[in-house]
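Biologist: Could you pick one part of this model and take me through it closely, then show me how it sits in the rest of the chain? I'd like one connected story rather than a list.

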Amino acid sequence: MNRIIIYLSIVLVLSLNACVSSLTKKTAENLKSALNTELTASEKYTKFAQVAMSEGFDTLSQLFIAASKSEKIHAANHERMLHKYGGNSDNPEIAAYQVKTSKENLDAAIKSELFDMQSLYPGFIKTAEIETAPDGATAFTWAWSGDKRHLNFYRKATASLAAGNENGISYLWYVCPKCGNLYNPDDIKTLCEVCLEKQENFIGFAKEESK
Ligand SMILES: [Fe+2]
């Protein structure tokens, strides 16, 4: 009798899990897609940082390094939520991208951040809300907020390079380890404005070399 009850309990739990997974199926698919997007961005920005350094743009290189870390945190959040909603993160796909000069790389970075911010994440957030997947919606919202700030920093960097200098780019960066939001010393907050993580936990870049 006990074995029958245990068997029925297992069947019930598995059925409930399958039901929950089917209700958040599209969100899980979107999380996998967003995971691939963020991993691609992280790898791409590391390559862009190397090009910037080789061209003598040390400060721009620091921005790309910090942004790469930011994207990696977005990816880790997406992966965790993907598992929560029953998906798997095996075999992530890095999309094709080109590495050119720093000015061209900045243009490409602006285009990809604009796409993520305007076309990718708003739909993903809406779907997660429809499927009642609030943690998925939060992961997408955090990435959307981060990409919005990346876009702003890349635009300032583009203007600086056009003026023939790197004066509009910070050399020192901080990344929130929880949501991936990127800060410079001019706009850093006591608490992360997106996820409320304490500033003391932020990851600093180029501290010892700050200008
Ligand atoms: Fe944060």
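Modeller: Two strands count as paired when DSSP finds at least two bridges between them. This is a predicted model, and β1 and β2 meet that mark in it, pairing in the antiparallel sense over two bridges. One of the residue pairs involved is Tyr174 with its bridge partner Tyr183, in β2. I'll come back to the sheet, but the part I'd like to zoom in on is helix α4.

First, some bearings. The chain has five helices and three strands, and from the N terminus on they run α-α-α-α-α-β-β-β. Of its 211 residues, 41% are buried. Among contacts with a separation of 6 or more, 72% join residues 24 or more positions apart.

Now α4 itself. Helix α4 covers residues 102–130, which makes 29 residues. Its first and last C-alpha atoms are 40 Å apart, close to the 42 Å expected at 1.5 Å a residue. For comparison, take α2: that helix has 30 residues and reaches 44 Å, against an expected 44 Å. Helix α4 does have a bend, of about 40°, at Asp116.

So what surrounds the residue at that bend? Asp116, which lies in α4, counts as buried because it has 25 C-beta neighbours inside 10 Å, and the cut-off for buried is 20 or more. Leaving aside neighbours within four places in sequence, Asp116 is in contact with Thr37, Tyr121 and Asp147. Take the last of those: Asp147 is 31 residues from Asp116 in sequence, yet their C-alpha atoms are 7.2 Å apart.

Asp116 has plenty of buried company in its helix. The other buried residues of α4 include Ser102, Asn105, Leu106, Ala109, Ser112 and Glu113, as well as Leu120, Tyr121, Phe124, Ile125 and Ala128. An α-helix has 3.6 residues a turn, so residues three or four places apart point the same way. Keep that in mind as you follow the buried list along α4, for instance through Leu120, Phe124 and Ala128. What do these buried residues pack against? They pack against α2 (25–54), α3 (58–84) and α5 (134–162).

For the α2 side of that packing, Thr27 is a handy residue to click on. Thr27 lies in α2 and is buried because it has 29 C-beta neighbours inside 10 Å. Among its contacts beyond four places in sequence are Thr127, Ala128 and Glu131, along with Tyr85, Ala133 and Gly136. Thr27 and Glu129 sit 102 residues apart in sequence but 9.1 Å apart in space, C-alpha to C-alpha.

Carry on past the C-terminal end of α4 and you reach Thr132, in the loop between α4 and α5. Most residues other than glycine have a negative phi. Thr132 goes the other way, with a positive phi near 50°. Is this residue buried or exposed? Thr132 counts as exposed, because just 12 C-beta neighbours fall inside 10 Å. There's a second case to look at further along the chain: Leu196, in the loop between β2 and β3, has a positive phi of about 70° although it is not a glycine. Leu196 is likewise exposed, with 12 other C-beta atoms within 10 Å.

Now let's step back to see what α4 shares with its neighbours. The largest nonpolar core has 53 residues, and those touching the most other members are Leu63, Phe64, Ala66, Phe140, Ala157, Trp173 and Val175. Helix α4 supplies at least two residues of this core, as do α2, α3, α5, β1 (173–175) and β2 (182–183). Leu63 gives you a feel for the links: beyond its sequence neighbours, Leu63 is in contact with Phe153, Ala157, Ile169 and Trp173.

That brings us back to the sheet. Its three strands form an open sheet in the order β2-β1-β3, with antiparallel pairing. Strands β2 and β3 (203–205) stand at the edges with a single partner strand each, so one side of each is left without a neighbour in the sheet. Helix α3, one of the helices that α4 packs against, lies across β1, β2 and β3, running at about 5° to β1.

Definitions and conventions
Residues numbered from 1 in each chain as written. Predicted model: local features only at pLDDT ≥ 70, side-chain atom pairs only at ≥ 80, totals over all residues. Helix = DSSP H or I, 4+ residues; strand = E, 2+ residues; numbered from the N terminus. Expected span 1.5 Å × (residues − 1). Bend = angle between axes of the 7 residues up to and from the residue. Contact = placed C-beta atoms within 7 Å. Core = buried A, V, L, I, M, F, W, Y, C linked by C-beta atoms within 7 Å. Axes fitted to C-alpha atoms, helices over the stretch in contact; angles between N-to-C directions.
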